[in-house]
Amino acid sequence: MLFSLTRDPSNYRLRFLSDVAHTFVVPVLILHLVFWLRDISLPSSRLIPLDFAFIVGWSIAKIRLRNVRQNREARSLYARQIPRVIGKWPGNIDVLLKMMQAFKTSYVADVYLQLFIEHQCTTLNLRLLWQDTIITMDQEHAKFVLATGFQRFWRGRSQKERLETFLGTGIFNRDDEVWKMHRTTARPFFAHDRIRDFQIFEKYTAHTLSILSTNAASHTPCEVQDLYARFTLDAASEFLFGKNLDTLSLPFPVAGDATMGVKGSAMEGTWGDFAEAFESCQQNATIRARIGQNWPLFELLKDKNQRHAKVIHDWLDPLVRKAIDDRLGAHKAGVEIPIPEKTFLQHLADTTDDPIVIRDQLLSMLLASRDTTACVLTYITYLMALHPDVAQKLRAEVLEHCGPTAPGTFDSFRNMKYMRAVINETLRLFPPVPINARECRREGCVLPPSDPTFPVADNRPLYMPANTVIMYFPLLTQRNQALWGEDADEFDPERWIQPERLKKFVSNPAMFTPFSAGPRICIGQNYAYNEMSYFLVRLLQQFDRFSLSQEYQPQESLPPPEWKSPGRNGRQTFEKVWPAAAMTLYVKGGVWVKFHRAK
């Protein structure tokens, strides 16, 4: 019974206390049992130090026994152990502290990249606090985790615990039969005949562009990360549950007066409360992942996501209750709505009566719909400001295929090769999920041979321990010079058009996985591509230049000077904004941009 409770991801405190008991209480009980059986009596002054020494010895013995067991299993699989980071302090505490300090000012994923470079390998075991923690930027290993070895990995207990308060039973926080049920339920709603309907895109794109036109007329910059988050949320809310949250009509951050929020600019009012709660849950989940499975130590008295989750639930629960009531009413009246005419929420309400399951699945889809598209549009606008030649070429293609006023269509998107190249190149450099994780199941396995990033003297494959988290980094893989060439850090859409460069990806599609890969590949990627393409067509029909207004960036969100110091490499040496990650990629402090109307 206790084992069952500790496996429930909502009981993270019980699981942590169980781990503590196994570490500190069990060895003391065993020692005292031995004393009792042998009728040994010692004074407290001697017993307490002896207890402490026995706990230390017991822990060392367990660690060594685990090492022996893993070495034996690795040899039986003709594999070798994953290279380990060796710090100066026990449990690599010094490594953990150094990483946590570096996260405060580092470029996204650079802390991990420096470890890979230092150890000259693409997969490492951090061994933080004596726990195996695997990190990899290896394309072959990520491919194995996501696709070819999919059955050996799952989301696992660790991730479920971190996200339970936020995403609950949703598709991104479940495995096996529950995950399959969610995916089977959602798939019909993302059929091609649904994503070709651009009426919703047109409605919210028009509203967004009217805001940009007003700003352009007064030469006022706009904080585009906030704007695009509202655009995608309003469009997604109508697409998913048939209700316009109308965040585009609420007050916007004011240039010169805006302050830092959790991820971008701070917002006020009920929308600000929702956005802050939504983003705080993501931020907390990321901090928990960095700490490792001992994160409950810092939340024993209070779940830091509980308050934020309540704000989110207060937004969604009334919509869920109404959908269930409407479905019951329609059922009594004998009315059956066909899938093409349903909202996603209506579709969910037809498949289950459980309001929590419906809410959690709805929230997962809202997270994906909002953050993915908003992230990519933000970075496309940023990159067009840095590369005006790309903006001009993209606008020329839009005018060629759609003219100055006609909306984009599925056929026009298919013919606009440069449009898809710009989107893909942005996704390559700035994938919306730059860091992700899986957990090996109850049996260890063997990772395939490493990719060619670093020369390896020992060609044996790597042994992946059972019940171990492995973090993989699409951002690092998609900027890896060994895979993409020496210009991997450069924004160059032509790599997706020029045959000699494109064939690298065609022959090895696993090196580009912004929407994941394998059985859990994103079912909404066509929706995202179409929404981004539709918006860009309309945007470039009206605007032909974009310029950064860095003078309005909050001072603490500007790239730190040390990014340009000797020894640094990659995009951090010339980046104009501060990319950061909290489950999804964002720009710290937002991005202020002036839009210039086409003449």
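## Close-up views of a predicted model

**View 1. Val25, a residue of helix H2 (residues 12–37), in its surface surroundings.** The model shown in this and the following views is a predicted one. Together with Phe24 and Leu29, Val25 makes up a nonpolar patch on the surface, and the accessible area of these residues together comes to about 290 Å². Val25 itself has a relative accessibility of 41%, and because this value falls between the limits of 20% for buried and 50% for exposed, the residue is classed as partly exposed.

**View 2. Helix H11, residues 224–241, with the residues at its ends.** The helix has 18 residues, for which a rise of 1.5 Å a residue leads one to expect a span of 26 Å, and the C-alpha atoms at its ends are 25 Å apart, which agrees with that expectation. Of these 18 residues, 17 are buried, so that H11 is mostly covered. At the N-terminal end, Glu223 acts as a cap, with a side-chain oxygen placed 2.9 Å from the backbone nitrogen of Gln225. After the helix comes Gly242, a residue with a positive phi near 70 degrees.

**View 3. The salt bridge between Glu238 and Lys203.** The side chains of these two residues meet with an N to O distance of 3.0 Å. Since Glu238 belongs to helix H11 and Lys203 to helix H10 (residues 199–217), the contact ties together parts of the chain that are 35 residues apart in sequence. Glu238 has a relative accessible area of 21% and is therefore partly exposed, and Lys203, with a relative accessible area of 43%, is also partly exposed.

**View 4. The aromatic pair of Tyr12 and Trp295.** Across the whole structure, a search finds 30 aromatic pairs. In the pair formed by Tyr12 and Trp295, the ring centres are 4.7 Å apart and the planes enclose an angle of 35 degrees, an arrangement that counts as tilted. The pair links distant parts of the chain, with Tyr12 in helix H2 and Trp295 in the loop between helix H12 (269–291) and helix H13 (306–333), at a separation of 283 residues. Tyr12 and Trp295 are both buried.

**View 5. The aromatic pair of Trp563 and Trp578.** Here the ring centres lie 5.4 Å apart and the planes are at 75 degrees to each other, which makes the pair edge-to-face because the angle is over 60 degrees. Trp563 and Trp578 are 15 residues apart, and both are found in the loop between strand S10 (543–548) and strand S11 (579–582). With a relative accessibility of 0%, Trp563 counts as buried, and Trp578, at 6%, counts as buried as well.

**View 6. A cluster of aromatic rings that includes Phe239.** Ring pairs join Phe198, Phe201, Phe239, Phe413, Tyr527 and Tyr534 into this cluster.

**View 7. Glu439 in strand S6 (residues 436–440) and its polar contacts.** Glu439 has a relative accessible area of 5% and is therefore buried. Its side chain reaches the backbone nitrogen of Arg157 at 3.5 Å, and the side chain of Glu439 also reaches the backbone nitrogen of Ser158, at 3.3 Å.

**View 8. The salt bridge between Asp132 and Arg127.** The structure holds 31 salt bridges, and in this one the closest N and O atoms are 2.5 Å apart. Asp132 and Arg127 are both buried.

**View 9. The salt bridge between Arg501 and Asp492, with the network around it.** The side chains of Arg501 and Asp492 meet at an N to O distance of 2.9 Å. Arg501, whose relative accessible area is 24%, is partly exposed. Through salt bridges that share partners, Glu425, Arg428, Asp487, Asp492, Arg495 and Arg501 are joined into one network.

**View 10. Thr185, placed in helix H8 (residues 176–186), and His347.** Thr185 is buried, its relative accessible area being 11%. Although Thr185 and His347 are 162 residues apart in sequence, their C-alpha atoms are 8.1 Å apart in space.

Conventions
Residues numbered from 1 in each chain as written. Predicted model: local features only at pLDDT ≥ 70, side-chain atom pairs only at ≥ 80, totals over all residues. Heavy atoms only, no water. Helix = DSSP H or I, 4+ residues; strand = E, 2+ residues; numbered from the N terminus. Expected span 1.5 Å × (residues − 1). Buried < 20%, exposed > 50% of the residue type's maximum accessible area, 1.4 Å probe, protein only. Polar contact = N/O pair within 3.5 Å; in protein donor to acceptor, adjacent residues only side chain to side chain. Patch = residues over 30% accessible without salt bridge, like charges linked within 9 Å, V, L, I, M, F, W, Y side chains within 5 Å. Areas by Shrake-Rupley, 256 points an atom, 1.4 Å probe, with all protein chains shown as cover. Salt bridge = Lys/Arg side-chain N within 4 Å of Asp/Glu carboxyl O. Phe/Tyr/Trp six-rings, centres within 6.5 Å; stacked < 30°, edge-to-face > 60°.
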